[in-house]
Structure formats: structure tokens, C-alpha cells
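Open the model in your viewer and set it to show chains in separate colours. The stops below say what to select and what is there.

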Amino acid sequence: MSAQDFLTLNHVSKVYRRNQSLLERLKKTDTGGTKAVSDVSLTVRHGETVGLVGESGCGKSTLARLVSGLMEPTSGEIAFRKDGAGRTPRLQMIFQDPYSSLNGRWTIEDIIAEPIRVHKLRRGRAAIRARVDELLTQVGLSPADAEKYPQEFSGGQRQRICIARALAGEPEFLILDEPTSALDVSVQDQILNLLRDLQKNLALTSLFITHNLSVVRIMADRIGVMYLGELVEEAPSEELFLRPRHPYTRLLIDAAPDMDTSDRSLHPIAGELPNPAFPPSGCRFHTRCPFAKDICRNTAPPQKTAGTGGMFRCHFDLELSNAQAIPPASKARTA
Amino acid sequence: MTPVVNTPSVPAARRSRLSKLLRAMRRAPGPTFCAFIIFALLIYAFVTPLVSLNPFEFSGMSVMDSFIPPMWMADGMPDFPLGTDDQGRNLLTAMAYGMRTSIIVGFLSVIIGLVLGGSLGLIAGFVGGKVDAFIMRVADVQLAYPALLLAMIIDGAARAALGAERSVTTAITIVVLSIGIAFWVQYARTIRSSVMIERDQDYVSAARITGRSNLSIIVLHILPNVMAPVLVIATINLGIAIITEATLSFLGIGIPVTSPSLGTLIRNGNNFLQSGEWWISVWPCLVLVAFVVSVNILGDHLRDVYNPRLRGRS
Amino acid sequence: MTTPLLDVRDLTVTINRDGHLITALDKVSFSVNPGEVLGIVGESGAGKSITGAAIIDLLVPPLKRTGGTITLAGERLDRLSPKAMRSVRGGRIGFIFQDPMTSLNPVISIGRQLCDTIEAHLKIGGEKTKRKALEWIERVGLPNPEVQFRRYPHQLSGGMRQRIVIALALCANPALVIADEPTTALDVSVQAHILQLMRDLHRESRASMMLITHDLGVIAKMADRVAVLYAGRVAEISTVGELFNAPKHPYTRGLIRATPMPSADGEVRLDQIPGAMPGLGAVPPGCAFNPRCFKAEGDCRAAIPPLTTEESAAFSCFHPLERETA
């Protein structure tokens, strides 16, 4: 671990065991499990925002829960840089659903004050209240909102409260799990702007998880792309968009419809997302990859280093700088 | 987006509790009426013993006045508006004493069931795994027996253990415990299922990441969110507990006939139902029915009001 | 000018909340031409789904249609009896719902559901129905139609279920298809498939389509014309090119700019519209957008701007945006 490295994930895997029936438990049969995260290695440097993108079932949310400590990895190691006193850094997390992430029986003041009280960051009622007011103002709400309950706020306002609560804990590391996916476009825009200001002003180190490539491009310094539990590519944000190295990254960038009305072509990725419980052999993407060869079906691709400090898992060094690199979807319509 | 009404997030002017209550009462006249009946019966049960002699003590009864019918009947006397029983006890005061015992037994047994079932349900739901499996299997086994039968078994066992000589207080304690234990399962199951839902909510995860201990998460976060449905069940169970006590007393295994409860009064009056002195059992029956039905209607109403599914989340 | 297939005039929907009438849809007017895809776009609560549901009379109380006319190929749908409306639904108007899990009956096989719909609306029976159903399973791109015919919804993935929902909506050869957020519940890679399928089928059948979505990217790729809804009112109706390149209503431009898009040069711009859309029953006087609008003046607060038609576009704004010269 170098001095700059804030968080290191070393070959982290997480297997969800299926709930066994009584009979299966008695017979001691191993029913196996779903490998939600498979052998992920990743480093987050101090002051940097790393984004993780992928479709449902790719393991990005599981990874967030592993990093936050809500779950233990099945194997591998997650290490934070410790400070001089050997203390692990303070964490906070912002969740996708602004409705379930606030306790409906607490006032906003109590909700935001909770991390302050737990970490004893301020002492005395007045000092805590002053800090809560300050945080509410910082996230664009009014100190008068402190006495209200979460039910009185809209989704976007609730997400602001969640951000205020996270900031109240004066986190050295912030995990954002789809923080704007439940919000409308104009509200999402406001929240992203708020988060960007905070990134700039507070020099936060963070992990930003989303399924939306455009959002992650705005927010992250480096981006990791996940597919069926594996990290298939990781690169600096601009590099990833300009020169993707993994075919999945290229296809994912093209698949989301942009607002260009002159070119109305659609770019579906062939085939369907396989069931994460039974990932394909070899390269997990081979069932949908336009470049797949025999080797992809049988051998898992090695982890390769790209010139710009990025990483990708593909047998080939493909040139994927522009969308034309992909051969016309051989048979995009059928699964 | 679905064509479902979204409640606008108007920062509602905070109404005072009183005006909120008045508004709720106007919307639900039935439950409000029941609340008044409960209130009146409570006053009756707890004020009467303060101003009159206990008809179950020697000074409170006179055999001379036995079997006097209610005052509006031919042989009625204004001193005994609802008549007297075989021992000459004034039924109006006797019932107040009886109700007082019944209500105390009802409340205490509900509290015992609630505390016992609530804690076990919290532990089962929060810890999960083997602890959960064990607690819930015990609950399943207990559910196989009717609560009344169970109360009788516990009551019988306690009596056998304590021997013959026992005071009225011990008898009441045994009844309270047996009813409480007989009813814990319902609380445990309700709390457990609510806890399992709340446990996985993001606000609990947030508290955990912040560094809260399990105990403070349970007490500060989960408990306030799972109490509403249980309190409603408790209201309904209050009625059931009173009936159970009355049944036990009626069967002669609850509170001894020498001390008053609604059950013992009904049981006593039952002996004279055939011989025409109907009032001895009918009045306590009516009071019991009025109280239990009112409590149930109010409980039902509260369940609707506090049902989170009936309240739009936003 | 062609006669529109569907013409909606002054459609008004109210909500009865404890005796108070709240307007959910306020005099919404638009039309869908034959063979055209009309996109309906807006944020949650703008009234997009209510519009779709109101047209086929599927409003759930306390929502109620209280005014306006709906004309499908010359016939007044708003005057039809519930029974006649039932034959229009699924017959002349097909409906694609957002959630493919709940819009299919989980205990009836895919084949049976298709056959039922085909029999009910096409008045054919027996072997013919089954052949037609198999044909549709193949047309929406599912392999092995005979196998799929016997399967149940839970045995299919989300994308495959949505394909079946599309088959159900189209199998009775409707003149109009209303698709309510057809791809919102799906992953990006699956979404593109479903859009491609809808486009192919639209080209084959020439049925008109109302595409309701909050996703401007989907609109840009699929729609011919677009109606932008805001707080239950039409803010702007325009051709898709005009709308994205020269929006007239400040809200439209705000919405477009707020949508994060990785543009070609990698430059990302986020321009925020302040505030939030007013909730039901909290619409300010005058133009509903005025508290958030940078161009708002006194007249915007005084009166509701009428829908003004100008060339191919219609907008309800007193101070429309000029075409940007840049």
C-alpha cells in the first residue's frame, strides 16, 4: 500500500449462500451460492472519487456494502489507511432510496445530529444544534426544517438531508450507492451539483456507485466497470470514455440513448444478461461479445494493465476508440 | 410513475395535538363513543370502591337484603338500583369491585405478554438464525394449544406447586402470569416480522455505519418503528385477557369466588339464573360485553389509523 | 394537413381528496397523427401516466376525468359505455405497461394469455389463434416459440417479459399503442433491445404510438413529435428535432440541460433548474413554472399562458426562448 492509497481491495469475493431447506441442512449437501462479487481488486487514493458502473446483478451494490462494513467478504481483504493512532477513518454512506434511509420517527435535527453525537464531534445541545443548522444551510435547506419529520419532505429534499447527515459525521470516506437514481432529472441535477461542490470544498475521498454512465462521468476521477461480479475494466474517467479497452465498456457507453436527434440508431448489446448465479465459463462476457473467439469460451482472461494506469480483463488488445469499432450487431434481436 | 395520487409535500402547519384529536374524533364517531364508554366504566370501577364499602367483606353485606330485584321492579329498593345477590351484596358496588379486579388483571397480563413476547420477538427478528428458529419453534408449539387451555395448565401447575394455602393476591398473580404467558406468541410474531423489515432498512444501515451498537439501534431506531401495530394488538388483547380471566374465574380455577371479579360474579349469578334472579349474572355480563366490545372497536380503529399501508408514504 | 388519429382536447382530470377537488391534469390538448410516434415527457407527478390512463378510461379513483374530449378516428371515446370501452382497450388501443412483472398474470401461461387476447379481439378461434400467438412470440424475438408458449411469466427474464407485454399490446392490430415507461424498469443493454423491437414493429404495423417516458434519450431516438408536460399542463409540443435543438419553453430547455449526457467532446455541463415541480394542488397562480423560471415576469404570475401555435411548434409561454444562434 503506497502512502497515497486510502482504500485497498485485495481479491475481494462475496458469495451469497442460498437459504437451505431443513432437509438439505440435515443431509449436509452443499447447494453452492451466488458469487455476487468475484475477485475484485481496487485502490482508491486519497482525495479521489472512484466510480463503479454496471447493470443490475453486477455486484456493485454488494461491493458498496462490503466496503462500508455492513457485510464481511467471503474471501479477500479490504483495508483502509490508518492514521498515526491506528484509527480507521470515519465512514458515511448515502443510499439510493431517500424514503427508507431516514427514520420516520425522528426529527431532522435528531437524524443529522446522530453522527455528531455518536462520534462526539460537538458537545452540548447548543453546539450540536448550531452545527445542524450549518449543515442544513450547506445542503440548501433551512434551519427551520430541523424540527420537522422526514415525511414532510420530497425525495430530493430527503436526499439533501441524507447528505447533511453523512457530512455531520465528518467522514474521511464517503460511499454513495446510486444517490440520484430515485430522483427526477431536474432534482438529480441539483443533487449532483451539490455533491460536486462538496467534493471540491471538502476534498472528500469517495466511492460512487451508479448504473448511469453519464452521471459517473461527471462525478468520478476514475471509473471501474463491473459485469457479473467481476471488475472488467478500470481507468481514469476521460480515458475510459475516449479509449475503452473492454468490449463491454464500449457497448455500455453506446447502449444508453443520447439526445442526438440526427443519428437515431440504437445500439443494443446482443443477448440477455446471464443469470449471475450461473455465470458463463471463461470470459463472463463471451456470450454477448462481438469479438468472442474459442479462447474466450474456455479461459478466463488475464488482468492486463493499460498504458494509462488502467486495467482491463480481455484476451485481446482491441482498438475501441469509436463506436464503429463494434461490428454491426450480428443478431441483436434474439437472445 | 403510476397514476396513483402523490401527496404533495406541503410543509403542513403543525396543528396542536388537541385540535388533531378533535378532528379525529369528529371523523370517527363510533370509536369516539366507545372511548367514552371505556372512560366511564374505568371511572365507575375505580371511583366506586373509594366511596363505598366492599360488599365482599363482612361489613359490606347483609343476608337480610338478599335477592332484591332492580329498583324498577315490584320488590325493588332505591338503595340497590341494580338489585342484590344471594348474600345481599349491592350489585352496583359489587360490579365496580369486580371490574376493578378484571381490569387490573387484564392490564397486567397484557403488559406481561407484551414485555415477554416483545423482547423475544425483538431478539428473534434482530439476531435471526438459530436463536430465531428456536424462539419461533417454541411459539409454534404453543400456538397448537388454545390460549385458554394453556392458561388453565399454567394456572393448575402453579397452584400445585404453591400448595393449598394461598392468599387472594397470589391467586391474582397466578392468573395474571398464566394469561400473560398464554398470549406472548402473538406479540412475538408481530414484532419479529416488523423487526425483520426494519432491520434491513437503509436508516438502520446508516446508523450502523455511523457506529451505533446493536443495542442502541434496537432501542432508538427499531423499537419506535415497530411499536404501533403491537400496541393495537395489545388493546384488542386487553378485551381477550379480561374474558379469559372471567372464563377462568367462571370455571372456578381463577380468582376465588370470595373475592370479586366479573367472572366470579357471573359464575355466582349463574346459579340463580334458573330460579328467576336473572339480574345477578346479567348485569356483570352486560358490563363485560360493553367494555370488551368498546375496547375491540377502539383497537380496530387504531389499527386502521396506524396501518402504514393505509397512510400514503408520500 | 392530415386528420389526426387521436385527438385529445382540454382533457381534465381531478382528484377528490376528502371532498376537495384537486386538478391533476389541466386542459391537456394534443393529437397523434396516423403512423406517428408522439413522445410524452415530464417528471414524476407531471401527469404523463394519468394522461395515458385517462385515454383508455383506466383511471383509478380518486382520479376522475371531469372534462375534455377524446376522439379516436372520429369516434368520441369519452362518451363510450364501459362495455364498449373494454373492446377498445386491447383492441383498437394497445397498452404497454412499465412493470412487466405486474402486467402479466403470473398463474396463466404466456401462450394462454396471448390466445385469450387474440380471441377476444380478433374473433378467431382454435388452431388459428394458436398459430397467431406462436407467430407473435417469434415476432417479438423470443427463441423456440413452442417452448415459450407453455412457459409462465416467472420463468422469463425482465426483458423477455417486456417482449411478451409488447406482443399482447400489438397482437390485436391496434391503431394506437400507448407505451407507459416501457423500458424504465430494464437495464441499459436490455432497454436498447426493447426500443429496437418497438421501432421495428412500429415500422411494420404503422400503428400510431404514444410513448410516455421521463427519459429524454429515449424520446430523442424514438419520437417524431414530443409533448412536454409540467404540473398537469402542456408546456410545449414540437417535432423532435425542433424540441431538442430549439426549445421554446424555458422548462424544456432546463430539462434538456439538466439531463447529464456524455457529449462527444467529453465536456459535461450541468445547468440546474432551481426548486422542484409543485405538488398536486399546490400549483402557483399563472404559469406553473414561473417560480423556477429565469424569464418569469409579472404577466407569468398573473395569467396562465395559453398554448400558442407557431409553425410546427406549440408552447404555453409568454416569453418563449429565441432560437439560439450559437
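The tour goes from chain B to chain A and then to chain C, in a model that is predicted.

**Stop 1: chain B as a whole**

Select chain B and show it as a cartoon. Its secondary structure consists of 11 helices and 0 strands, so no arrows should be expected under the helix and strand definition used here. Read from one end of the sequence to the other, the pattern is α-α-α-α-α-α-α-α-α-α-α. Of the 314 residues in chain B, 41% are buried. Among the contacts in chain B with a separation of 6 or more, 69% join residues 24 or more positions apart.

**Stop 2: helix 8 of chain B**

Now select residues 202-210 of chain B, which form helix 8. Why is this helix largely enclosed by the rest of the structure? It is largely enclosed because 8 of its 9 residues are buried; a residue counts as buried if 20 or more other C-beta atoms lie within 10 Å of its own. The buried residues are Asp202(B), Tyr203(B), Val204(B), Ser205(B), Ala206(B), Ala207(B), Ile209(B) and Thr210(B).

To see what they pack against, add these elements to the selection:

- from chain A, helix 2 (60-68), strand 5 (91-94), helix 3 (108-118) and helix 5 (155-168);
- from chain B, helix 7 (184-199) and helix 9 (214-250).

Then step to Gly211(B), which follows helix 8 of chain B and has a positive phi, near 110 degrees.

**Stop 3: where chain B touches chain A**

Keep chains A and B in view. The contact between them takes 19 residues from chain B and 24 residues from chain A. On the chain B side, helix 8 and helix 9 each supply at least two residues. Helix 8 of chain B provides the largest share of that side, 8 residues. By class, the chain B side has 7 nonpolar, 8 polar and 4 charged residues.

**Stop 4: where chain A touches chain C**

Hide chain B and bring in chain C. Here the contact takes 40 residues from chain A and 39 residues from chain C. On chain A, select helix 6 (185-202), helix 7 (213-219), helix 8 (237-242) and helix 9 (247-255), each of which supplies at least two residues to the side that touches chain C. Which of them gives the most? Helix 6 of chain A does, with 7 residues. The chain A side divides into 19 nonpolar, 11 polar and 10 charged residues.

**Stop 5: chain C as a whole**

Select chain C alone. It contains 11 helices and 12 strands, and its C-alpha trace spans about 65 × 50 × 40 Å along the principal axes. Its radius of gyration is 21 Å, which agrees with the value near 20 Å for a compact globule of 326 residues. Buried residues make up 52% of chain C.

Narrow the selection to residues 6-256 of chain C, which the UniProt annotation "domain: ABC transporter", from an unreviewed entry, covers. This stretch is 39% helix and 28% strand, with its end C-alpha atoms 27 Å apart.

**Stop 6: the largest nonpolar core**

Show all chains again. The largest nonpolar core has 267 residues, and those touching the most other members are Leu207(A), Ala167(C), Leu176(C), Met210(C) and Tyr230(C). Helix 9 of chain B gives the most to this core, with 17 residues.

Finish by centring on Met210(C). Apart from its neighbours within four places in sequence, Met210(C) is in contact with Val32(C), Leu38(C), Ile40(C), Gly52(C), Leu176(C), Ile178(C) and Ala179(C).

Definitions and conventions: Residues numbered from 1 in each chain as written. Chains lettered and ligands numbered in written order. Predicted model: local features only at pLDDT ≥ 70, side-chain atom pairs only at ≥ 80, totals over all residues. UniProt positions renumbered as here; feature names shortened; annotations may be inferred. Helix = DSSP H or I, 4+ residues; strand = E, 2+ residues; numbered from the N terminus. Buried ≥ 20, exposed ≤ 12 C-beta atoms within 10 Å, placed from the backbone. Contact = placed C-beta atoms within 7 Å. Nonpolar A, V, L, I, M, F, W, Y, C, P; charged D, E, K, R; others polar. Core = buried A, V, L, I, M, F, W, Y, C linked by C-beta atoms within 7 Å. Rg over C-alpha atoms; globule rule 2.2 N^0.38 Å.
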